[in-house]
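Student: I've got a new model open and I'd like to learn how to read it. Can you walk me through it?

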Amino acid sequence: MASFLAADERGVGWLTAEGGLSQETTFGEGHPGRVPLVPSDEALCRRVAAGDEAAFDVLVARHQGRAYRLAWSLLRDAEDARDVSQEAFLRVYRMAATFRGDAKFSTWFYRILVNLCLDHRRRGRWWRRLVSGHEGGDGGDPIEQQAAPAADPADALGQAQLMARVWAEVERLSPQQRAALVLQVQEGLPTSEIAAVLACSEATVRVHLHRAVGALRKSLKRG
């Protein structure tokens, strides 16, 4: 299997008229604007199930950044986030044939990823962070590295301190509350998709979110 970690360096191709992947852009037949035909995640997953490694590389290139960010937010450890997000992609490769299309590919994939993160925390492999007394990592908070609106530099220190306090309180939430909160606030998923990812009802998701937000507000008010 090609190294999917290098997929973004090699670039990605387009579906050809014959159904394969090519580095050359193909266009809709007779389309006046010659718009590229971009394969959906669901179509790519079906091709992965048929043994198409190039399609797998495309899926990884599309989702690896967000997958790492989500794993890091749940685990707060760079090495663990890399390991778990890579394991999630490997499971997609091995289990692609089980994807039936009842939900979006992203919902199915993030369910795999979140479950791996929750299992990881339950196994206690995050003990290294508690013993060493630091977060670990290789370049700081990946969330803070994401593009953000321009801000007054004078506010940078206060914002950093606030984010540190917020993350410290998020650490105290239960795993389910934390997952629901990160999926909604950071990833922007609606309640219905969070319910699908966490394999629970929408009502349960709302309870998780209500309790998580209430706990955060109470803790932050205490200062």
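Here is a short walk through the fold, one helix pair and the core.

Student: What should I keep in mind, and which elements does the protein chain have?

Tutor: Keep in mind that this is a predicted model. The protein chain has ten helices and two strands, and from the N terminus on they run α-β-β-α-α-α-α-α-α-α-α-α.

Student: How do I read the packing of α2 and α3?

Tutor: Look at the angle and the distance between the axes. Helix α2 (residues 41-49) packs on helix α3 (residues 53-75) at about 140°, and their axes are 8 Å apart. Angles over 145 would count as roughly antiparallel, so this pair is called oblique. The crossing of α2 past α3 is left-handed.

Student: Which residues make that contact?

Tutor: From α2 you have Asp41, Leu44, Cys45, Arg47 and Val48, and from α3 Ala55, Phe56, Val58, Leu59, Arg62 and His63. By class, that gives seven nonpolar, one polar and three charged residues.

Student: Why look for a nonpolar core?

Tutor: Because in soluble globular proteins, nonpolar side chains tend to be buried together. Here the largest nonpolar core has 50 residues, and those touching the most other members are Leu70, Phe105, Phe109, Leu113, Val114, Leu183 and Leu198.

Student: Which element gives the most to this core?

Tutor: That's α3, with twelve residues. Other elements giving two or more include α5 (105-122) and α10 (202-222).

Student: What is Phe109 in contact with, leaving aside neighbours within four places in sequence?

Tutor: Phe109 contacts His63, Ala67, Ala88, Phe89 and Val92.

Technical notes:
Residues are numbered from 1 along each chain as its sequence is written. This is a predicted model: local features need pLDDT of at least 70, side-chain atom pairs count only at pLDDT 80 or more; totals for chains, interfaces and linings use all residues. Side-chain values use heavy atoms; hydrogens and water are left out. Axes are lines fitted to C-alpha atoms, for helices over the stretch in contact, and angles run from 0 to 180 degrees between N-to-C directions. Helices (H or I, at least four residues) and strands (E, at least two) are DSSP runs, numbered from the N terminus. Angles under 35 degrees count as roughly parallel, over 145 as roughly antiparallel, 65 to 115 as roughly perpendicular and the rest as oblique. A crossing is left-handed if the near helix is turned anticlockwise from the far one by less than a right angle, and right-handed if clockwise. Contact means heavy atoms within 4.5 Å. Ala, Val, Leu, Ile, Met, Phe, Trp, Tyr, Cys and Pro count as nonpolar, Asp, Glu, Lys and Arg as charged, and the others, Gly among them, as polar. A nonpolar core is a set of buried Ala, Val, Leu, Ile, Met, Phe, Trp, Tyr and Cys residues joined through side-chain atoms within 4.5 Å. Buried means under 20% relative accessible area, exposed over 50%, partly exposed in between (1.4 Å probe, protein chains only).
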